[in-house]
Amino acid sequence: MPMRALAAFIKKEFLHIFRDKRSLLVIFCMPIALVMIFGVVISTEIHHAKIAIVDLSDKVRSQQLIEKINSSGYFQTVAYLHSTLNLEEVFRAQNIRLAILIPPHFSKNVENNASSTLQLIADGSDLNAATTLIGNASNIIQEFAQETSVALRAPPPFRVLPRMHYNPEQKDVFMFIPGILALVLMIVSAMMTSITLVREKEFGTWRLLSSTPLPSMVIIVGKLIPYFLLSAINSCLILALATSVFGMPIHGSLWGLLGVCFLFILTSLSLGIFISSITNTQQAAILASMVGLFLPTTFLSGFIFPVENMPAWLQPIAHIVPAKWFIEAMKLMMLKGATLHSVLKQIYVLTGMAVLLLAISMRRSRKQAT
Amino acid sequence: MSALSIQAHQLSKTFGHFVAVKDLSLEVQPGEIFGFLGANGAGKTTAMRMLCGLLKPSFGHAMVAGFNIATQTEQVKKNIGYMSQKFSIYDDLTLKENIQLFSTIYGLKSAQTQERMKQLASQFGLENKLKSLVSTLPLGWKQKLAFSLAIIHQPRIVFLDEPTSGVDPITRRQFWEMISDTAKAGTTVFVSTHYMDEAEYCDRVSIMVDGQIQVLDTPQKIREQFSAPTMDDVFSLLARKKP
Amino acid sequence: MVYIENLSKNFGALQALSNIHLHIKPKQLFGLIGPDGAGKSTLFEILATLRLPSSGKATIHGFDLQSKAKQIRKTIGFMPGQFSLYPDLSILENIQFFAHVYGVHFDESSPLTRDIWQHIAPFKHRPAGKLSGGMKQKLALCCALAHRPTLLLLDEPTTGVDPVSRKEFWEMLQSLKLHNITTLVSTPYMDEAQLCECIALIQNGKILAVNSPSGIQAQFKFHLFGVQSAHANTLLKPLRQFEKTQHCFAFGKTLHLTVKDASVSENDIVEYLKTQGHEHVEVWRMQAGIEDCFIELMHSENHERS
């Protein structure tokens with residue numbers, strides 16, 4: 001391979017990227033924005049939710065429990081009631097999301113080591129929030145029960161959510177990180193590469209370069225290297241953001257994790273090259289990327305909807321989405337601490353896809369001269 | 001109301017810092033063939049698009065067919081025909097379908113359409129080709145069709161943007177004969193070109209360099225003024241003068 | 001240098017080139033003259049190894065176009081009809097990039113590109129997309145020469161460029177001969193034909209004639225008259241109805257009248273026009289130009305077909 005030509009090509013590619021403010025924005029601001037959006041806005045953690053407490057017992061033990069609830073940071077008690085009569089009204093007027101009902105004889109039962117039932121009444125109009133609030137409240141109550149070392153049975157009308165083993169704090173942002181990574185790498189690697197390659201066709205430079213002794217291999221490798229570097233920087237950026245801002249733990253080996261990221265970048269780049277080989281205008285490339293990359297990556301990869309919950313006929317389609325395998329491997333490694341060895345299947349699939357796509361696009365680009 | 005076909009006063013257009021057209025002032029009489037000369041990128045197309053009401057001027061004003069190009073664009077468009085460099089005709093329709101389509105666009109009644117179709121077909125020798133797909137026709141025919149479409153609604157002025165770029169010498173001359181017939185019938189023709197020899201077919205010409213009109217007169221007077229044998233020489237003299 | 005034998009190219013039913021024969025000698029400035037759609041660009045693409053011919057054979061430097069494309073690519077400099085450089089890169093960056101593609105360094109003082117470089121050097125840091133038409137073409141020429149090719153393929157380099165830049169461009173092409181460069185250049189402008197040593201007239205994928213410009217003019221079979229009057233365009237119709245007339249077209253303010261019959265004199269034409277009511281007409285015999293020849297060849301070609 002002519003190294004000087006390759007070096008010139010890579011240099012030129014960086015010039016294109018750094019001169020185009022739009023592509024700079026896509027490459028460096030979008031990943032941060034995506035992580036922030038998913039991390040902050042979609043995060044299901046709720047702090048200082050307004051609650052009401054109906055204390056029918058009103059003794060030492062119930063005071064202790066109320067204090068514990070108030071000091072947890074999850075709740076802000078805005079109404080103390082001593083009867084259930086105007087609970088309905090308080091719910092509406094003060095915009096309360098949860099009411100905790102402490103039964104009569106609560107303190108006495110605690111002292112006597114007898115069981116009692118606490119009732120939690122949540123605003124069901126926001127089901128997700130309600131579930132989270134009930135989970136938080138029952139956790140506090142159970143902790144209280146353990147602290148007083150009394151066998152206080154959990155209130156029967158609701159099921160206490162078990163602690164999620166691999167994500168004990170239930171921070172959903174963790175679950176989103178592999179998906180965000182997949183989406184960003186798809187955009188930077190696949191879409192941007194396909195656009196820059198197609199742009200060479202629009203400029204006519206593709207034809208001009210074809211009339212030079214430069215092998216088409218150099219053009220493709222010359223595009224791959226800059227975008228590989230940018231995507232690699234991006235994956236590090238996202239992982240750093242996830243661990244520093246959202247406190248995401250990385251259980252597996254960091255190098256293994258990055259290795260899987262780099263493999264997925266290669267697969268995405270091959271996809272981008274493939275798209276450029278079947279399109280001739282930037283608009284067509286963008287459209288193809290939208291339909292062929294983002295919709296499947298968002299909806300079929302297990303990013304938002306678990307693959308196991310999809311209808312049977314859709315599942316095989318999900319299996320040909322590269323992001324599905326990447327997200328699977330990432331979740332196993334990041335959250336479960338799996339080794340590279342245990343995600344070999346995913347690694348093989350991604351490698352196979354990359355090789356296949358590259359082979360097809362090379363064939364196509366060579367056959368254009370008829 | 002003025003009897004002039006086109007009256008432009010200090011028309012300018014800027015795109016950001018780039019001045020595409022600067023202080024364009026000209027008057028065109030009814031039935032005149034006005035040649036709008038200049039190299040590619042001199043601002044010809046921008047100026048034409050402004051006069052056709054397709055682009056708002058940054059400064060200055062102009063009346064076309066008696067209507068203000070900035071405020072009465074609809075009336076302007078009804079009274080003019082425009083043939084762009086890349087003839088806006090549908091390749092996948094037949095000649096007849098194209099003519100019918102454009103007649104409808106200009107609001108011609110179906111009887112009128114039939115009559116105009118007959119008239120144009122015989123005038124430009126399109127009779128045998130009415131049922132052919134446009135894509136199967138040579139460039140010369142497409143050009144004739146595009147011109148027929150631009151004058152289908154009998155506009156008072158027809159704007160032609162480099163209509164003869166790249167066609168063979170016979171077709172080029174036939175096209176200019178079409179233009180002069182149309183002008184004789186009373187339609188004002190405003191035509192841009194970068195072939196300097198075509199200036200001789202015009203009643204008056206202007207030469208534009210870098211967005212500004214450098215000279216405006218009859219071809220003969222311009223040649224005399226520069227004591228140059230051809231318009232090409234005039235253009236070279238003009239272009240060399242610039243810093 | 002370039003041998004093209006019986007070369008044809010068709011795209012489906014469309015015959016873009018049919019049975020082309022051309023022979024371009026070393027150091028020649030060879031012009032391919034014809035309108036849009038004549039097949040000029042297709043021929044350039046085949047010679048630049050971007051397309052394969054449907055049939056026929058062509059060699060460049062003795063290398064076969066189909067089997068030795070790699071060797072050919074090293075020796076040619078191609079300038080496509082559409083501006084094909086990176087608009088966001090500067091003049092210098094474009095030239096350096098294309099030199100590196102061929103594995104060489106761009107040398108500003110190289111005698112081959114020195115003259116052209118002087119024209120564009122003052123703007124060397126300006127993005128190529130912001131240059132005027134003439135500048136763009138000079139830049140493209142410089143890029144095509146950066147690796148010192150021996151054959152230059154220039155597809156319509158002067159189309160739409162202002163007359164001054166066109167003249168400068170042709171002066172550059174003529175000076176390239178001193179550097180042992182063979183140039184094949186296409187143009188739709190008939191007046192540029194005179195600047196070539198040898199020209200081929202092409203129309204509808206067929207070569208109508210190949211010769212030196214003066215040779216082509218000498219081949220003009222008929223007799224040409226110039227006709228002028230104060231109202232020249234009113235003479236067009238009567239002249240076409242004149243029984244001796246082959247054809248008649250306007251060339252600016254002068255009408256060019258072609259007649260087959262050698263016995264027709266200036267006076268015959270004046271007399272005929274008088275019978276049609278046209279007085280004060282000036283008629284003279286004239287030498288046919290390239291454009292007259294092109295029109296004549298197109299006519300006889302059309303006659304053969306019909």
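Which residues does Leu120(B) touch, not counting residues up to four places away in sequence? The points below take up that question along with the chains and contacts of this predicted model.

1. Leu120(B) and its surroundings. Leu120(B) touches Leu126(B) and Ser148(B), once residues up to four places away in sequence are left out of the count. The residue belongs to helix α4 of chain B, which runs over residues 110-124. Leu120(B) counts as buried because 20 other C-beta atoms lie within 10 Å, and the cut-off for that class is 20 or more. By way of a second reference point in the chain, Ala47(B) stands 73 residues from Leu120(B) in sequence, and the C-alpha atoms of Leu120(B) and Ala47(B) are 29 Å apart in space.

2. Chain B as a whole. Chain B holds 8 helices and 10 strands, and the C-alpha atoms of the chain fill a box of roughly 55 × 40 × 35 Å when taken along the principal axes. The radius of gyration of chain B is 18 Å, which agrees with the value near 18 Å that a compact globule of 243 residues would have. Of the 243 residues in chain B, 46% count as buried. Where contacts in chain B join residues at least 6 apart in sequence, 68% of those contacts link residues at least 24 apart.

3. Helix α6 of chain B. This helix, α6(B), consists of 16 residues and reaches 23 Å from its first C-alpha to its last, close to the 22 Å expected at 1.5 Å a residue. The buried residues of α6(B) include the aromatic-position entries Phe175(B) and Trp176(B) as well as Arg172(B) and Arg173(B); also among them are Pro169(B), Met178(B), Ile179(B), Thr182(B) and Ala183(B). After α6(B) comes Gly186(B), which has a positive phi near 110 degrees.4. The contact between chains B and C. This contact draws on 23 residues from chain B and 23 residues from chain C. On the side of chain B that touches chain C, the elements that give two or more residues are α6 (169-184) and α8 (231-241) of chain B, so a reader who follows α6(B) through the preceding point will meet that helix again here. The residues on this side of chain B divide into 11 nonpolar, 6 polar and 6 charged.

5. The contact between chains A and C. Two pairs of chains touch in the model, and the pair with the most contacts is that of chains A and C. Chain C contributes 24 residues to the contact with chain A, and chain A contributes 22 residues. The elements of chain C that give two or more residues to the side touching chain A are α2 (69-75), β6 (76-79) and α3 (91-101). Of these, α3(C) supplies the largest share, 4 residues. Sorted by type, the residues on this side of chain C comprise 13 nonpolar, 5 polar and 6 charged.

6. Chains A and B. What is the distance between the closest C-alpha atoms of chain A and chain B? The closest C-alpha atoms of these two chains lie 18 Å apart, and no contact joins chain A and chain B.

7. Chain C as a whole. The chain contains 10 helices and 14 strands, and along its principal axes the C-alpha trace of chain C spans about 70 × 45 × 35 Å. Chain C has 306 residues, of which buried residues make up 46%. For contacts in chain C between residues at least 6 apart in sequence, 69% join residues at least 24 apart.

8. Domains of chains C and A. Chain C is divided into domain 1, covering 2-217, and domain 2, covering 221-287, and the C-alpha centres of these two domains of chain C lie 39 Å apart. Chain A is likewise given as two parts, with domain 1 made up of 3-42 + 171-366 and domain 2 made up of 49-147. The centres of domain 1 and domain 2 of chain A, taken over C-alpha atoms, are separated by 48 Å.

9. A hairpin in chain C. Strand β12 of chain C (residues 245-251) pairs with strand β13 of chain C (residues 254-259) in the antiparallel sense, over 6 bridges. Within this pairing, Phe249(C) of chain C stands opposite His256(C), which lies in β13(C). The hairpin of β12(C) and β13(C) has 2 residues between the strands, and Gly252(C) takes a positive phi near 65 degrees there. In a regular strand the side chains alternate between the two faces of the sheet.

Note on methods: Residues numbered from 1 in each chain as written. Chains lettered and ligands numbered in written order. Predicted model: local features only at pLDDT ≥ 70, side-chain atom pairs only at ≥ 80, totals over all residues. Contact = placed C-beta atoms within 7 Å. Nonpolar A, V, L, I, M, F, W, Y, C, P; charged D, E, K, R; others polar. Domains from an automatic or database assignment. Buried ≥ 20, exposed ≤ 12 C-beta atoms within 10 Å, placed from the backbone. Expected span 1.5 Å × (residues − 1). Rg over C-alpha atoms; globule rule 2.2 N^0.38 Å. Pairing = 2+ DSSP bridges.
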